[in-house]
Amino acid sequence: MFDVAVIGGGVVGGLLLRQLSKYQLKVCLLEKQADVSMGASRANSGVVHAGFDAKEGTNKAKFNVRGNQMMPSLCEELGVKFKNNGSLVVAFSQDDLETLKDLKARGEKNGVPDLEIIDKEQLLELEPNINDTAMGALYAKTGGIVCPYELTISAIGNAMDNGATLYTDFEVVGAVRDEFFTVTAKDGRTIQAKIVVNCAGLYAGEVAKIFGDDTIKIGARKGEYILLDRESAGFVTRTLFFTPTKLGKGVLVLPTVDNNILLGPTAEELEEGNTETSKSGLDRIMSKANQMCKNIPYYNTITSFAGIRAYSYTHDFIIEESKIIKGLINCAGIESPGLTSAPAIAEYVVNGLIGGLLPLKPNNNFNPYRKPDYFFKNLSDEKKNELIRENPSYGKIICRCEQITEGEIIRACTENPRATTVDGVKRRTRAGMGRCQGGFCQPYVMEIIAKCNQMEYKSVTKSGKGSNILLGETK
Ligand SMILES: Cc1cc2nc3c(=O)[nH]c(=O)nc-3n(C[C@H](O)[C@H](O)[C@H](O)COP(=O)(O)OP(=O)(O)OC[C@H]3O[C@@H](n4cnc5c(N)ncnc54)[C@H](O)[C@@H]3O)c2cc1C
């Protein structure tokens with residue numbers, strides 16, 4: 001019997017699991033995919049928003065500003081890359097300049113510090129690749145960037161190191177509430193829990209319904225991206241936004257924490273989730289990005305991808321105990337700025353909601369720190385030699401583009417939460433994220449996954465069920 005079961009291994013469920021593991025509670029995470037961070041927390045802009053965008057008094061405004069404050073120390077504890085790179089909302093017309101004043105005033109009401117409106121000269125000095133047609137910008141110095149899947153994986157790994165249990169391939173399809181909840185997976189497994197928290201992203205409405213709460217309606221909006229190679233590092237150093245319109249924040253131009261350049265996202269309403277990119281979507285991104293910046297080095301494009309926003313029809317985050325099912329807490333409609341807000345949502349759900357339902361006694365053995373996923377290539381020669389002497393697998397390069405060693409991949413397949421798929425290794429180590437996109441290293445990565453997880457080589461998949469890489473022998 002678990003005290004709390006969390007449904008959904010995205011950034012919200014992941015940080016919630018970690019927050020719960022700070023207390024003497026038996027907790028678990030139920031994730032329908034073969035790995036965690038496979039929903040919106042896998043593919044987004046990675047912006048730690050300052051908090052001037054959401055309307056004063058909304059959940060979005062409250063959790064965004066608090067989440068932004070929590071992010072630097074959280075990332076430090078978890079050994080996750082975070083950069084306080086600042087963000088610029090760029091104005092291209094007189095109307096835009098007026099909107100910047102409103103945004104600044106709203107940000108100040110929300111409690112965002114260090115907001116400044118800068119003129120064209122200051123702007124072009126900060127970001128020389130912005131088009132000369134820009135007229136000024138709102139500079140938010142507290143804006144940042146983080147790797148969303150690294151944060152999610154590390155939070156879940158740290159929670160597991162502190163005693164939490166993870167069930168993958170556990171698609172919740174049934175739930176019965178007697179004295180406690182009995183939750184059933186598609187393959188027939190069951191768990192019991194006193195409290196359930198629904199963090200199922202795009203499927204939060206369906207999951208609530210499984211429990212008997214049909215009040216949550218979730219819409220889906222796709223966002224496509226273009227990713228440029230690290231050769232383009234420094235093209236821009238801050239996150240560049242257009243001045244928002246009624247249709248939203250629009251296409252961004254920004255660096256990632258790994259020094260790539262990211263362009264996107266688009267915004268396309270969907271009937272059902274699909275993360276394919278399209279020529280028209282990528283054309284739209286380029287056309288908008290060209291309005292923001294000159295001479296974008298598109299020849300450095302290495303991939304395109306898409307993520308799906310799960311928005312609620314209330315246009316705010318829904319974070320509350322279900323009005324119909326006691327003991328079911330819904331965290332639904334967590335669209336942008338959900339990544340930024342996740343640490344604050346986790347804090348509120350545990351201390352503000354679960355604390356009213358269960359006694360919270362501190363776990364005195366809680367260790368907030370996770371060994372950082374150091375990248376071998378970033379170590380000094382002395383450190384590299386020391387590591388190779390201790391463990392010769394660090395002397396063998398597997399991914400040539402990103403210079404990732406066998407030792408790092410073994411580590412990804414043996415530490416919490418273990419990688420069991422090629423994409424799982426990619427998200428933990430960057431093996432396969434370089435120019436050749438895994439063309440050379442994939443067979444070796446598969447061998448290591450099979451060995452560490454005692455799987456058959458041919459059963460290793462790209463990203464779980466239905467994504468088999470090897471189907472049979474040719475000779
Ligand atoms: C294009 C795009 C750009 C964005 N940019 C930003 C940004 O720059 N900054 C920012 O702050 N936010 C941003 N966001 C928002 C942010 O990504 C999301 O708010 C956040 O990732 C939501 O996390 P989550 O844990 O709620 O959902 P998810 O990450 O989607 O996780 C939900 C999980 O639930 C699992 N699940 C679903 N159904 C079941 C079931 N029946 N049983 C078990 N498991 C189930 C899914 O497999 C999934 O792993 C962006 C979002 C998108 C799509």
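How many Å apart do the C-alpha centres of domain 1 and domain 2 lie? In this predicted model, the separation between these two centres is 33 Å. The domain assignment places residues 85-145 together with 219-308 in domain 1, while residues 376-459 make up domain 2.

The protein chain as a whole may be considered next. Its secondary structure consists of 12 helices and 22 strands. The radius of gyration is 22 Å, close to the 23 Å expected from the globule rule for 475 residues, and the chain is therefore as compact as a globular protein of that length. The C-alpha trace extends over about 60 × 60 × 45 Å along its principal axes. Of the 475 residues, 49% count as buried. Among contacts with a separation of 6 or more, 73% are made by residues 24 or more positions apart.

The N-terminal part of the chain offers a convenient point of entry. Strand β1, which covers residues 2-7, is mostly covered, with 6 of its 6 residues buried. β1 pairs with two strands described here. With strand β12 (residues 190-198), the pairing is parallel and comprises 5 bridges; with strand β2 (residues 27-30), the pairing is likewise parallel and comprises 4 bridges. Isoleucine 7 takes part in both pairings: asparagine 198 stands opposite isoleucine 7 in β12, and leucine 30 is the bridge partner of isoleucine 7 in β2. Between β1 and β2 the path passes through helix α1 (residues 11-20), and these three elements form a right-handed β-α-β unit.

The nonpolar interior draws on these elements as well. The largest nonpolar core contains 119 residues, of which Val4, Leu16, Val197 and Val349 touch the most other members. Helix α8, spanning residues 338-353, contributes the largest share of this core, namely 8 residues. Val4 falls within the residue range of β1, Leu16 within that of α1, and Val197 within that of β12.

Which residues does leucine 16 touch, leaving aside those up to four places away in sequence? The partners of leucine 16 are Val6, Val197, Cys199, Ala346, Val349 and Val350. Leucine 16 of helix α1 thus touches Val6, a position in β1, and Val197, a position in β12. Ala346, Val349 and Val350, also touched by leucine 16, lie in the range of α8.

Apart from this core there is a second, separate core of 18 residues, which includes Cys401, Ile410, Ala419 and Ala431. These four named residues fall within the bounds assigned to domain 2, residues 376-459.

Key
Residues numbered from 1 in each chain as written. Predicted model: local features only at pLDDT ≥ 70, side-chain atom pairs only at ≥ 80, totals over all residues. Core = buried A, V, L, I, M, F, W, Y, C linked by C-beta atoms within 7 Å. Buried ≥ 20, exposed ≤ 12 C-beta atoms within 10 Å, placed from the backbone. Contact = placed C-beta atoms within 7 Å. Pairing = 2+ DSSP bridges. Right-handed = clockwise from strand over helix to strand, strands pointing away. Domains from an automatic or database assignment. Rg over C-alpha atoms; globule rule 2.2 N^0.38 Å.
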